[in-house]
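Welcome! Take a moment to look over the chain below, and then we will walk through it together.

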Amino acid sequence: EGPEIPPGRWSLAGTGTMDGIELKHLQGDVLGGQLIGRSDVQWAPELQWRFNAEGKALDPGGFWDGLPERLNFVLQGDGSFKDGHNVANVRLENLSGMLKELPITAQGSIGIDQQRISVSPLVVTAGTSHLVVSGELDEQWAMSWRMDSPDLQPLYLPLSGRLQSSGSISGPRSSPALSMVINGNELGYKDQQVESVSIKVN
């Protein structure tokens, strides 16, 4: 506990051997809610790991300014390292909460297989705004996104109007190419306003 660490009460139970350790139960009464998890790490005969974590009614925004409130989530992950081959997967099964009085949700997964990174897909919403990111990075880039925010003002008070964007990153890993389209209507910042904006990047 400290000025940057939220107070809480924690309990855990687990077992261990010369080959690994299993954390069967972890529970923290923290940030006004509960954090529950379990994990299993084996380092013999090869490194393997997995974990499950669940947050219930957490309020990080009450301790750190600008973070969500009433946060619930389920997070799972697993991985291994064998003969120099690294594999890992992390899955956000569901996240929900409130940010600046806006309902927020998120779900998606990220996988790593040696140098290959895949996103399939990551979906984030905040009020009526949403963002979707998917694709992979290997020897070649193959990533794309699309975003639609019908009303910017709830996201950031000085802003107004609608903003849409879509694009992709492709090409060799060392020299990717960006393709992007941005469209805006009745965009405003404080007392300044632009009727429409259209930007294309290739």
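Is glutamate 186 buried, partly exposed or exposed? Glutamate 186 is partly exposed, because its relative accessible area of 46% falls between the 20% limit for buried and the 50% limit for exposed. Keep in mind that this is a predicted model.

**Overall build**

Let's step back to the whole chain. There are 13 strands and zero helices, so a walk along the sequence meets one β element after another. The C-alpha trace spans about 65 × 45 × 25 Å along its principal axes. The radius of gyration is 21 Å, whereas a compact globule of 202 residues would have one near 17 Å.

How much of the chain is buried? Buried residues account for 23% of the 202 residues. The accessible surface is about 12700 Å², and carbon and sulfur atoms hold 56% of that area. If you take the contacts between residues at least 6 apart in sequence, 29% of them link residues at least 24 apart. As for charge, the chain carries 15 positive and 24 negative charges, and the mean positions of the two groups lie 4 Å apart.

**The nonpolar core**

In soluble globular proteins, nonpolar side chains tend to be buried together. Here the largest nonpolar core has 11 residues, including Val30, Leu58, Phe73, Leu92, Ile104 and Ala106. Strands S4 (47-58), S5 (69-82), S6 (85-99) and S7 (102-113) each supply at least two residues of this core. One core member to zoom in on is alanine 106: leaving aside residues up to four places away in sequence, it touches Leu92, Asn94, Leu95, Val123 and Val124.

**Backbone details to find**

Two residues other than glycine have a positive phi, and you can set them side by side:

| Residue | Phi | Place | Relative accessible area |
|---|---|---|---|
| Aspartate 83 | about 50 degrees | loop between S5 and S6 | 78% |
| Glutamate 186 | near 50 degrees | strand S12 (residues 177-189) | 46% |

Why does aspartate 83 count as exposed? Aspartate 83 is exposed because its relative accessible area is 78%, and exposed means over 50%.

One more spot deserves a look. Which peptide bond is cis, with omega near 5 degrees? That bond runs from alanine 44 to proline 45. You will find proline 45 in the loop between strand S3 (33-42) and S4.

Technical notes:
Residues numbered from 1 in each chain as written. Predicted model: local features only at pLDDT ≥ 70, side-chain atom pairs only at ≥ 80, totals over all residues. Heavy atoms only, no water. Helix = DSSP H or I, 4+ residues; strand = E, 2+ residues; numbered from the N terminus. Rg over C-alpha atoms; globule rule 2.2 N^0.38 Å. Buried < 20%, exposed > 50% of the residue type's maximum accessible area, 1.4 Å probe, protein only. Contact = heavy atoms within 4.5 Å. Areas by Shrake-Rupley, 256 points an atom, 1.4 Å probe, with all protein chains shown as cover. Lys, Arg positive; Asp, Glu negative; His and termini not counted. Charge placed at Lys NZ, Arg CZ, Asp CG, Glu CD. Core = buried A, V, L, I, M, F, W, Y, C linked by side-chain atoms within 4.5 Å.
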